[in-house]
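Trainee: Could we go through this structure together and check why each label is given?
Mentor: Gladly, let's start with how helices pack.

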Amino acid sequence: MAGTLRVLSYNVRSLRDDADALAAVIRDCEPDVVCVQEAPRFLRWRSRCAALARTSGTFVVTGGRPAGAMLLLARLGVDVHATRDLLLPRTPGLHQRGLAVAELTVHGQRVVVASMHLGLRADERQRHADDVIDVLSSYDVPVVVAGDVNEHPGEPAWTVLTERFQDSWVAAGGDESGRGGTFRSDAPYERIDGVFADRRMTVVACTVPDQDEVARASDHRPVLAVLSLP
């Protein structure tokens, strides 16, 4: 839709599930940009990321191993101006976390889109949420950050994000109860994934796709936000 930005956030569990189903879900959502978490980052990670892009009708913008398994994909027609792959400060004994960022033009509007995946320990999540805000505050164009927060709305890291950005699910009229669950994909019982939009944008819609392929594609359900460009 002209004048809107369609952002899909998706934890793909390192492509360990049904890759054909995953690609079908992405295609059905018709995103402008896909914020991927747990992208391949070890053996043959470049070719595997490229295969996901090819089968889902997108291209690789940036990310993968240099971004701690964050990956950005985009549809043809989206212009890429600049990219950044960052590794967040690592906590000994825990997985490396990162951030993939791209400055893009979609429907003639310059925007920044970032993919993140916060960790399993609360203190690290809050520190990394602060780091994400610090990085993204350097941009003067509208910013969208999406990903797996690994905690529930109202908890510390989620609150850091929503002090700066809109929670698209809530802004679109969704409640903050168990509805809109993203994990697990076969029987979702908690909302731990989100799309966080610049307050200069209007959230037109936010949904959790639930077509048949979703339960086979990954252990998370994706989140699709439709944002009106300012």
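Mentor: Helix axes here are lines fitted to C-alpha atoms over the stretch in contact, and the angle between N-to-C directions runs from 0 to 180 degrees. Keep in mind that this is a predicted model.

Trainee: With that in hand, how do H3 and H4 pack?
Mentor: Their axes are 8 Å apart, and the angle is about 20°. Angles under 35 degrees count as roughly parallel, so H3 is roughly parallel to H4. The crossing of these two helices is right-handed.

Trainee: Which residues make that contact?
Mentor: H3 contributes Arg125, Gln126, Ala129, Asp130, Ile133 and Leu136, while H4 brings Pro156, Ala157, Val160, Leu161 and Arg164. Sorted by class, the contact of H3 with H4 has 7 nonpolar, 1 polar and 3 charged residues.

Trainee: Why are H1 and H2 called oblique to each other?
Mentor: The axes of H1 (residues 19–29) and H2 (residues 45–56) cross at roughly 50° and come within 8 Å. Roughly parallel needs an angle under 35 degrees, and roughly perpendicular needs 65 to 115. The crossing angle of roughly 50° fits neither range, and H1 and H2 are therefore oblique. H1 passes H2 in a right-handed crossing.

Trainee: What meets what between H1 and H2?
Mentor: On the H1 side there are Leu22, Ala23, Ile26 and Arg27, and they meet Leu52, Thr55 and Ser56 in H2. By class, this contact has 4 nonpolar, 2 polar and 1 charged residues.

Trainee: Now the rings. How many aromatic pairs does the structure hold?
Mentor: The structure holds 2 aromatic pairs. In one of them, Trp158 and Phe196 have ring centres 5.2 Å apart and planes at 75°.

Trainee: How do you know that Trp158 and Phe196 pair, and what makes the pair edge-to-face?
Mentor: Two cut-offs settle it: centres must lie within 6.5 Å, and planes over 60 degrees apart count as edge-to-face. The centres are 5.2 Å apart and the planes stand at 75°, so both conditions are met and the pair is edge-to-face. The pair also links distant parts of the chain, with Trp158 in H4 (residues 156–164) and Phe196 in strand S10 (residues 193–197), 38 residues apart. Both Trp158 and Phe196 are buried.

Trainee: Phe165 is another one I noticed. Why is Phe165 called buried?
Mentor: Buried means under 20% relative accessible area. Phe165 has 1%, so the label applies. Phe165 lies in the loop between H4 and strand S9 (166–167). Leaving aside neighbours within four places in sequence, the contacts of Phe165 include Ile133, Leu136, Val143, Val145 and Phe196. Phe165 and Val143 are 22 residues apart along the chain, with their C-alpha atoms separated by 8.6 Å.

Trainee: Which label does Asp140 get, buried or exposed, and why?
Mentor: Exposed means over 50%, and the relative accessible area of Asp140 is 66%, so Asp140 is exposed. Asp140 sits in the loop between H3 (122–136) and strand S8 (143–148).

Trainee: What makes Arg84 partly exposed?
Mentor: Partly exposed is the range in between, from 20% to 50%. Arg84 has a relative accessible area of 35%, so Arg84 belongs there. Arg84 is in strand S5 (residues 79–87). Beyond residues up to four places away in sequence, Arg84 touches Leu99, Ala100, Val101, Val135, Ser138 and Tyr139.

Trainee: And the backbone: what is special about phi in Glu30 and in His107?
Mentor: Most residues other than glycine have a negative phi. Phi of Glu30 is near 50°, a positive value in a residue other than glycine, and phi of His107 is also near 50°. Glu30 is found in the loop between H1 and strand S2 (33–37), and His107 is in the loop between strands S6 (98–106) and S7 (109–117). Glu30 is exposed at 58%, whereas His107, at 39%, counts as partly exposed.

Trainee: Where is there a cis peptide bond, and what is its omega?
Mentor: A cis bond joins Phe183 and Arg184, with omega about -5°. Arg184 lies in the loop between helix H5 (168–171) and S10. For context, most peptide bonds are trans.

Technical notes:
Residues numbered from 1 in each chain as written. Predicted model: local features only at pLDDT ≥ 70, side-chain atom pairs only at ≥ 80, totals over all residues. Heavy atoms only, no water. Helix = DSSP H or I, 4+ residues; strand = E, 2+ residues; numbered from the N terminus. Buried < 20%, exposed > 50% of the residue type's maximum accessible area, 1.4 Å probe, protein only. Parallel < 35°, antiparallel > 145°, perpendicular 65-115°, else oblique. Left-handed = near helix turned anticlockwise from the far one by under 90°. Contact = heavy atoms within 4.5 Å. Nonpolar A, V, L, I, M, F, W, Y, C, P; charged D, E, K, R; others polar. Phe/Tyr/Trp six-rings, centres within 6.5 Å; stacked < 30°, edge-to-face > 60°.
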